[in-house]
Amino acid sequence: MSTPRLRRLSALSMLLWFAISADFSDEARANDQEPPIATPASAPIFATPIGIAGQRLAVIQGKYLDSALFEGVRAPTIPELTPRFYEVRAELRAVDGTSVLLASRLRGESGTMNDVGTVVLNSLIEPGQITLFVAEGPDLYLWSISVPGGSIWTPFKTDKPWHKAAAAYQLNGDSIQSKLARTKDGRLAIEVHEKVSGYNNSFEETKKGSLEFSLLKQWK
Amino acid sequence: MSASDLGMTFGGTKTLYVEAVKGHTSNQMITVATDVVGTAWSGTVSDNVRVTPIGFKIKSVSFDSFSSGEIYPITKDDGSIVYNTLHWLDDNLDGDVADTGDHYYPVAYKRQAAMVLERKFELVAPSSFSAAGTDLVVRGQGDGGYEFWSGSNDTSGSDPKHTFVKGTTLLTTRDTASQAFPNWIDHFDPMTIKWSFSTDAGTNWNSVGDTKHKIYTFLDAPQDILYETVAKIATAGPVKGLSTPAAVVDAIWTEFADNDVRRVDGVQMSYSHATGPGNVALFGYTAPEMLARGDGRGQCTAWADLLLRTLGAHNIESTSTKVDPPDTRFAVKAMPAQGSGGANYLVGTLAAGGFNFHQVLRVALFPDRIYDPSYGGLTTKSDARSVELKYEDENITHFRFGASTWVANVLGDALQLEFTP
């Protein structure tokens, strides 16, 4: 079967670190390993239209993985904490169900009670570039995915803090609101609203592509 | 009492004033029977004496200072009222300030200031009564020996603040207290002033009633808005009687150190990071926000602000200092906090995920101390370590670097926390 839509996807996939498979289901992947040891089950956590042909960007949180897999390779941690791991995948999904892996990363939860889950707060879809603004536990990150090929996962680096709250709250779509945009000269601009303090923060990239930001304005 | 006790002669007349009967605002007719004993008459004679009571009720008291700039307005904790006039008001003249329309406001002065009081009396007297023609004197006797004296015929000019104005039904008097406040912090809660008046230049006195006032004195002018709870903490208990800033700092700190700080309404304020539905903060970020909340909750910034404002009420310099982690976060040990009732407060510990930052206080007089009012903690330099490192060693258990790497704080290592400023 070869449709124009699939041909476009196939051409794109040649340049990606990808997998195209009707069998790219979470169940099939899980069958290759030990039975999952924890919840939540693998589930889509974000989806947004991405192309003119009805494709969607989907972000999927995988099941918790057996931490024994990471013995000897994970970063050392303190004995008080028991980290947990799962995979997070960003996929391009066609209308017919075909999936292309755009990027994948391993999420490690530190074991503290506020460090659970992955939440995609916002996305900026541009030709050649997908930018996701992500909350994991009490922290914010940028996931910059190039199309085709490559991705950068980085903490949301700012010259001044965005939070007025001293406590490290678990972040989610209810506690943080955000906007992503580009300045006229192509720098990434991000607005963050911390609901618990009521403060808005306006940041701009210090220079195009740096993924480092300076605070322009903070207001309530 | 015989007629002679009243100075009455046979067939003569005598003007009498008696203290008004409570509850009556109009003139009351009373009958005085006199037995006339003498040689002109052989029998008992009754004479009717018309007595004209003067209704005299205290309506309001307003405070001022003899020298300008020595009285400071106190603000209600919720910020809704600035108590700058009519500090005591009995609007319905029923003798108390407990009714709708009444109020009872605190007053703040600089130490050694002299109070000036303006009081208004509801005066009910017949039109024939003339204060100007009478040697009418109003006197207030306050706790601590503070006395107020204002007379209709006081023209000596010895008190430039003195006024005595009788309107149709309102008598307004104003004068300076007989003595200034002492050179130390004072705290009256309350100061009772007993009011009385005389129509014979002070030979005989008639009680009008008492008024009660919360009066606080301060070392110097407050640096910021003086909230009611701040004014109280800054002058009450161990602070009263002190006159040196260093001693005041220590005494005020004892009010925070036991983790039991009460607002003027009795609510115990607490260190909190609680949130409600929709991630709405159930705590204040500043002292005014914490004071205005019904539950009196505040995060570290509010507690540092409260201590700063309390010291600042005496113009004692301090700085609210932000404590940042070396990288992304730090965790504190489990310890009791304000309002926790002695139980450990767990937000900010490692298990709970630590803090983004914390807020403490530094006092200019004591550069080797760090005050942590959220936990009632005081760190004082006592060895070769800097006070910052000692604070870190005593309170911080772990640091987080990057996204999820927690590292134990090793005692004796170099300082990692960042204190700003």
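This passage describes the chain fold, the salt bridges and the chain A–chain B interface of a predicted model.

Chain A is built from two helices and 13 strands. Of its 220 residues, 47% are buried. Its accessible surface comes to about 10800 Å². Carbon and sulfur atoms supply 54% of that surface. Contacts in chain A were also examined by sequence separation. Among those with a separation of 6 or more, 47% join residues 24 or more positions apart.

A:Ser123 gives a local view of chain A. The residue sits in strand β5, which covers residues 118-126 of chain A. Its relative accessible area is 16%. The cut-off for a buried residue is under 20%, so A:Ser123 counts as buried. Leaving aside residues up to four places away in sequence, A:Ser123 touches A:Phe46, A:Thr48, A:Thr131, A:Leu132 and A:Leu180.

Salt bridges were counted over all chains, and the total is 35. Several of those in chain A are described here. A:Arg89 pairs with A:Glu91 in a salt bridge, and the closest N and O atoms lie 2.9 Å apart. Both partners fall under the 20% limit for burial. A:Arg89 has a relative accessible area of 2% and is therefore buried. A:Glu91 is buried as well, with a value of 0%.

A second salt bridge joins the side chains of A:Glu136 and A:Arg107, with an N to O distance of 3.3 Å. This pair links distant parts of the chain. A:Glu136 belongs to strand β6 (residues 129-136) of chain A, and A:Arg107 belongs to strand β4 (residues 99-109) of chain A. The two residues are 29 residues apart. Both A:Glu136 and A:Arg107 are buried.

A third salt bridge brings together the side chains of A:Lys179 and A:Glu191, at 3.8 Å from N to O. A:Lys179 lies in strand β10 (residues 176-182) of chain A, while A:Glu191 lies in strand β11 (residues 188-194) of chain A, so the pair ties together parts 12 residues apart in sequence. A:Lys179 is exposed, with a relative accessible area of 54%. A:Glu191 is partly exposed, at 25%. Elsewhere in chain A, salt bridges that share partners connect A:Glu87, A:Arg89, A:Glu91 and A:Arg93 in one network.

The interface between chain A and chain B was examined next. Here 27 residues of chain A are in contact with 30 residues of chain B. The area buried between the two chains is about 2100 Å². Carbon and sulfur atoms give 53% of this area. On the side of chain A, the residues that lose the most area to chain B are A:Ile78, A:Ala166 and A:Val196. Together they account for 24% of what that side buries.

Polar and charged pairs also cross this interface. Three salt bridges are counted between chain A and chain B. One salt bridge is formed by B:Arg400 and A:Asp139, whose closest N and O atoms are 2.8 Å apart. In addition, 13 residue pairs are in polar contact across the interface, with both residues at pLDDT 80 or more. By class, the side of chain A that touches chain B comprises 13 nonpolar, eight polar and six charged residues.

Two local features of chain B complete the description. Helix α1 of chain B spans residues 228-235. Seven of its eight residues are buried, so the helix is largely enclosed by the rest of the structure. The buried residues of α1(B) are B:Glu228, B:Thr229, B:Val230, B:Ala231, B:Ile233, B:Ala234 and B:Thr235. B:Gly237 follows α1(B) and has a positive phi, near 50 degrees.

The other feature centers on B:Ser318, in strand β20 (residues 318-324) of chain B. B:Ser318 counts as buried, because its relative accessibility is 13% and the limit is under 20%. The C-alpha atoms of B:Ser318 and B:Val363 are separated by 4.2 Å, although the two residues are 45 residues apart along the chain. Leaving out residues up to four places away in sequence, B:Ser318 touches B:Leu308, B:Leu311, B:Leu361, B:Arg362, B:Val363 and B:Ala364.

Conventions:
Residues are numbered from 1 along each chain as its sequence is written. Chains are lettered from A and ligands numbered from 1 in the order in which they are written. This is a predicted model: local features need pLDDT of at least 70, side-chain atom pairs count only at pLDDT 80 or more; totals for chains, interfaces and linings use all residues. Side-chain values use heavy atoms; hydrogens and water are left out. A salt bridge is a side-chain nitrogen of Lys or Arg within 4 Å of a carboxyl oxygen of Asp or Glu. Buried means under 20% relative accessible area, exposed over 50%, partly exposed in between (1.4 Å probe, protein chains only). Helices (H or I, at least four residues) and strands (E, at least two) are DSSP runs, numbered from the N terminus. Contact means heavy atoms within 4.5 Å. Buried area is the accessible area (1.4 Å probe) that two parts lose on being put together, summed over both. A polar contact is a pair of N or O atoms within 3.5 Å; within protein, one must be able to donate a hydrogen and the other to accept it, and residues adjacent in sequence count only if both atoms are side-chain atoms. Ala, Val, Leu, Ile, Met, Phe, Trp, Tyr, Cys and Pro count as nonpolar, Asp, Glu, Lys and Arg as charged, and the others, Gly among them, as polar. Accessible areas come from the Shrake-Rupley method with a 1.4 Å probe; for residues, only the protein chains shown count as cover.
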